[in-house]
Amino acid sequence: MKRVGMGVAAVLAMVTLTAVPGVRAQGGDAQSDATKPEFFTTRVEPIFQQNCNKCHAGLFHRGGLNMGTREGMLTGGHHGPAVVPGDPAKSLLLLLVKHEGPEDPGPMPPKKAKLSDADIATIEQWIKAGAIMPESK
Ligand code: HEC
């Protein structure tokens, strides 16, 4: 158990960077189990914080979408629900980051490089497992 794979190392780095209180990487269990809220806080939320939240959380809710809360993502914005728990194919948020969504509102993030395949897969896995988040969100 001393040797950690690339995936676990990445998770460890992320946990250290975001310094989530009370969350410790323990062999990646909760962090690799998409049905656990830790999957969101350690793996999905950092992607959103880095690529989306300056336009979709806090001060700004572009397109009417607040990605700062689960409620906000389920309700979505002007184009309806952004996340449909358990149904990635119906989740506008995922379609837009995959560049497979409608022209309007267009690919997300706008005018930026597409997210990495790994990040897109993480978001997809999270939605598939029910878009689980901590109750405080
Ligand atoms: C630079 C600002 C900016 C960033 C960064 C950004 N968005 Fe957007 N987003 C917008 C704007 C502006 C709209 C509204 C576009 C429109 O309606 O034509 C929008 C619309 C959306 C919508 C549709 C909302 C609706 O119902 O109309 C989704 C879903 C979305 N963004 C997801 C994301 C995701 C996921 C990310 C990160 C990967 C992201 N966005 C990053 C500016 C941004």
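Reader: Leaving aside its neighbours within four places in sequence, which residues is V97 in contact with?

Author: In this predicted model, V97 touches M108, L115, I120 and I123, once its neighbours within four places in sequence are set aside. To read such a contact, look at residues separated along the chain and check their C-beta atoms: a pair counts when these lie within 7 Å.

Reader: Where does V97 fit in the wider picture?

Author: Start with the general idea. In soluble globular proteins, nonpolar side chains tend to be buried together. Here the largest nonpolar core has 21 residues, and the members that touch the most others are L93, V97, I123 and W126. Helix 3, helix 6 and helix 7 (117-128) each give at least two residues to this core. Helix 6 supplies the largest share of this core, 5 residues.

Reader: How many helices and strands does the protein chain have?

Author: The count is 7 helices and 0 strands. Read from the N terminus, the order of elements is α-α-α-α-α-α-α. As for burial, 24% of the 137 residues in the protein chain are buried. You can also ask how far apart contacting residues sit in sequence: of the contacts between residues at least 6 apart, 42% join residues at least 24 apart.

Reader: How do I read a single helix, say helix 3?

Author: Begin with its length. Helix 3 covers residues 37-51, 15 residues in total, and spans 20 Å from its first C-alpha to its last, close to the 21 Å expected at 1.5 Å a residue. Then look for a bend: helix 3 has a kink of about 45 degrees at V44, shortly before the proline P46.

Reader: Which residues of helix 3 are buried?

Author: A general idea helps here too. An α-helix has 3.6 residues a turn, so residues three or four places apart point the same way. Now the case at hand: the buried residues of helix 3 are E38, F39, F40, T41, T42, R43, V44, E45 and I47. Try finding them on the structure above.

Reader: Is D33 buried or exposed?

Author: Count the C-beta atoms around it. D33 has 12 such neighbours inside 10 Å, so D33 counts as exposed, since a residue with 12 or fewer is placed in that class. D33 sits in the loop between helix 2 (29-32) and helix 3. Its C-alpha atom is separated by 9.0 Å from that of A129, a residue 96 places away along the chain.

Reader: Where does P85 lie, and how is its exposure classed?

Author: P85 is in the loop between helix 5 (70-75) and helix 6. It counts as partly exposed because it has 18 C-beta neighbours inside 10 Å. Leaving aside neighbours within four places in sequence, P85 is in contact with I127, G130 and A131. The C-alpha atoms of P85 and L74 are 8.0 Å apart, with their positions 11 residues apart along the chain.

Reader: What should I look for in the backbone itself?

Author: Two angles are useful: omega for the peptide bond, and phi. In the loop between helix 6 and helix 7 you will find P105, and the peptide bond from D104 to P105 is cis, with omega near 15 degrees. P109 is in the loop between helix 6 and helix 7 as well, and the bond from M108 to P109 is cis, with omega near -10 degrees.

Reader: Which residues other than glycine have a positive phi?

Author: K111 is one of them, with phi near 55 degrees. K111 belongs to the loop between helix 6 and helix 7, and it counts as exposed because it has 6 C-beta neighbours inside 10 Å. A131 is another, with a positive phi of about 50 degrees. A131 comes in the segment after helix 7, and it is buried because 23 other C-beta atoms lie within 10 Å.

Reader: And what surrounds the ligand?

Author: Look at the shell of residues around it. There are 24 residues around the ligand, and C52, C55, G63, G77 and H79 come nearest. The shell divides into 13 nonpolar, 8 polar and 3 charged residues. Helix 4 (53-56) and helix 6 (92-97) each provide at least two residues of the shell, and helix 6 gives the largest share, 4 residues.

How values were computed. Residues numbered from 1 in each chain as written. Predicted model: local features only at pLDDT ≥ 70, side-chain atom pairs only at ≥ 80, totals over all residues. Near = placed C-beta within 6 Å. Nonpolar A, V, L, I, M, F, W, Y, C, P; charged D, E, K, R; others polar. Expected span 1.5 Å × (residues − 1). Bend = angle between axes of the 7 residues up to and from the residue. Buried ≥ 20, exposed ≤ 12 C-beta atoms within 10 Å, placed from the backbone. Core = buried A, V, L, I, M, F, W, Y, C linked by C-beta atoms within 7 Å. Contact = placed C-beta atoms within 7 Å.
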